[in-house]
Amino acid sequence: MTIETTPYSGIPRFHVGVDCIIFTVIGDRLNLLLVRRDFEPEKGKWSLIGGFVNENESVDQAAKRVLYELTGITNGFIRQLGAFGEINRDPGARVISVAYFSLLNYAEINQEEVKSLKGEWVDVDRLPALGFDHPVMIQNAMEQMRKKILSGHLVFNLLPELFTLTQLQNLVEKVMGRPLDKRNFRKRIMENTEIVATEYIDKESSRRGARLYRFIGERQSYK
């Protein structure tokens, strides 16, 4: 009996997974969604949320499925970050992971879904020790956010529909990891025709009250 061979014969097969780096803002703090693993490998350690790619779905579809299962959101901002394939990155098996980062409005997230999967929001400045190569993924995601936080409109995926300029600057500074000159920042913002002032005043965050603004552009833009 002759066994037919193909160009793929004898080629090793690996597992393909996705890891989702999910950010949101709680109060004025940037938070990341983590889960403590209750199974091996890396049992007991904190990690990102992920899963394996099914035979009937693309890696993009797998990432969106994981995002939906965890947050209940079907159309949130999610973009591919890159592939991670170091030989020993997963002690359990040879797994190549495609990482995605997502920026979500906290008010739109189904928190019951998060709790049901034992997910927890953690301040990015207070992240615990993480398993696998997840710290590298998070660092890469933060670098991408810093490059695109304003030019790519990413920041508006994290803000509520109405926001103050102080809220906007605080969030940008949080992502950038450094303070920004208030006058120059506001000048740049005022030059953006997609950021418009509303008639509403926020009287909770300041005694005098602060004007509320709205972003009228495409919140999921990524250039």
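**Exercise 1. A charged pair away from solvent**

Task: In this predicted model, are Arg-89 and Asp-19 buried or exposed, and which parts of the chain does their salt bridge tie together?

Solution.
- Step 1: Start with accessibility. Arg-89 and Asp-19 are both buried, so each has under 20% relative accessible area.
- Step 2: Check the distance. The closest N and O atoms of Arg-89 and Asp-19 are 3.8 Å apart, and the cut-off asks for a separation within 4 Å. The pair therefore counts as a salt bridge.
- Step 3: Place the partners. Asp-19 belongs to strand β1 (residues 15-26), while Arg-89 sits in the loop between β5 (77-84) and β6 (95-103), so the bridge ties together parts that are 70 residues apart in sequence.
- Step 4: Set the pair in context. The structure holds nine salt bridges.

**Exercise 2. Following Asp-125 through its partners**

Task: Which residues are joined with Asp-125 into one network by salt bridges that share partners?

Solution.
- Step 1: Begin with Arg-29. Its salt bridge with Asp-125 has closest N and O atoms 3.4 Å apart.
- Step 2: Locate both ends. Arg-29 is in strand β2 (residues 29-36) and Asp-125 is in the loop between β7 (119-123) and α3 (134-148), so this pair ties together parts 96 residues apart in sequence.
- Step 3: Compare exposure. Arg-29 is partly exposed, at 28% relative accessible area, whereas Asp-125 is exposed, at 53%.
- Step 4: Go on to Lys-174. Its side chain meets that of Asp-125 in a salt bridge with an N to O distance of 2.0 Å. Because Lys-174 lies in helix α4, this pair ties together parts 49 residues apart in sequence. Lys-174 counts as buried, with 15% relative accessibility.
- Step 5: Collect the members. Shared partners join Asp-125 with Arg-29, Asp-123, Arg-126 and Lys-174 in one network.

**Exercise 3. Helix α4 and the residue after it**

Task: How does the reach of α4 from its first C-alpha to its last stand against the expected value, and which of its residues are buried?

Solution.
- Step 1: Take the span. Helix α4 (residues 165-176) has 12 residues and reaches 16 Å, close to the 16 Å expected at 1.5 Å a residue.
- Step 2: List the buried residues. They are Leu-165, Leu-168, Gln-169, Leu-171, Val-172, Glu-173, Lys-174 and Val-175.
- Step 3: Recall the geometry. An α-helix has 3.6 residues a turn, so residues three or four places apart point the same way.
- Step 4: Look just past the end. Gly-177 follows α4, and its phi is positive, near 80°.

**Exercise 4. The loop ahead of α4**

Task: Where does Thr-164 lie, and which residues is it in contact with beyond its neighbours within four places in sequence?

Solution.
- Step 1: Find the position. Thr-164 is in the loop between β8 (162-163) and α4.
- Step 2: Read the accessibility. With a relative accessible area of 3%, Thr-164 is buried.
- Step 3: Set aside neighbours within four places; Thr-164 is then in contact with Asp-202, Ala-210, Arg-211 and Leu-212.

**Exercise 5. Stepping back to the chain**

Task: How many helices and strands does the protein chain have, and what percentage of its residues is buried?

Solution.
- Step 1: Count the elements. The protein chain has five helices and 10 strands.
- Step 2: Turn to burial. Of the 223 residues, 43% are buried.
- Step 3: Check the contacts. Of those between residues at least 6 apart in sequence, 66% join residues at least 24 apart.
- Step 4: Finish with charge. There are 31 positive and 29 negative side chains, and the centres of the two sets lie 7 Å apart.

How values were computed
Residues are numbered from 1 along each chain as its sequence is written. Side-chain values use heavy atoms; hydrogens and water are left out. Helices (H or I, at least four residues) and strands (E, at least two) are DSSP runs, numbered from the N terminus. Buried means under 20% relative accessible area, exposed over 50%, partly exposed in between (1.4 Å probe, protein chains only). Contact means heavy atoms within 4.5 Å. Lys and Arg count as positive and Asp and Glu as negative; His and the chain ends are not counted. The place of a charge is taken as NZ of Lys, CZ of Arg, CG of Asp or CD of Glu. The expected span of a helix is 1.5 Å times one less than its number of residues.
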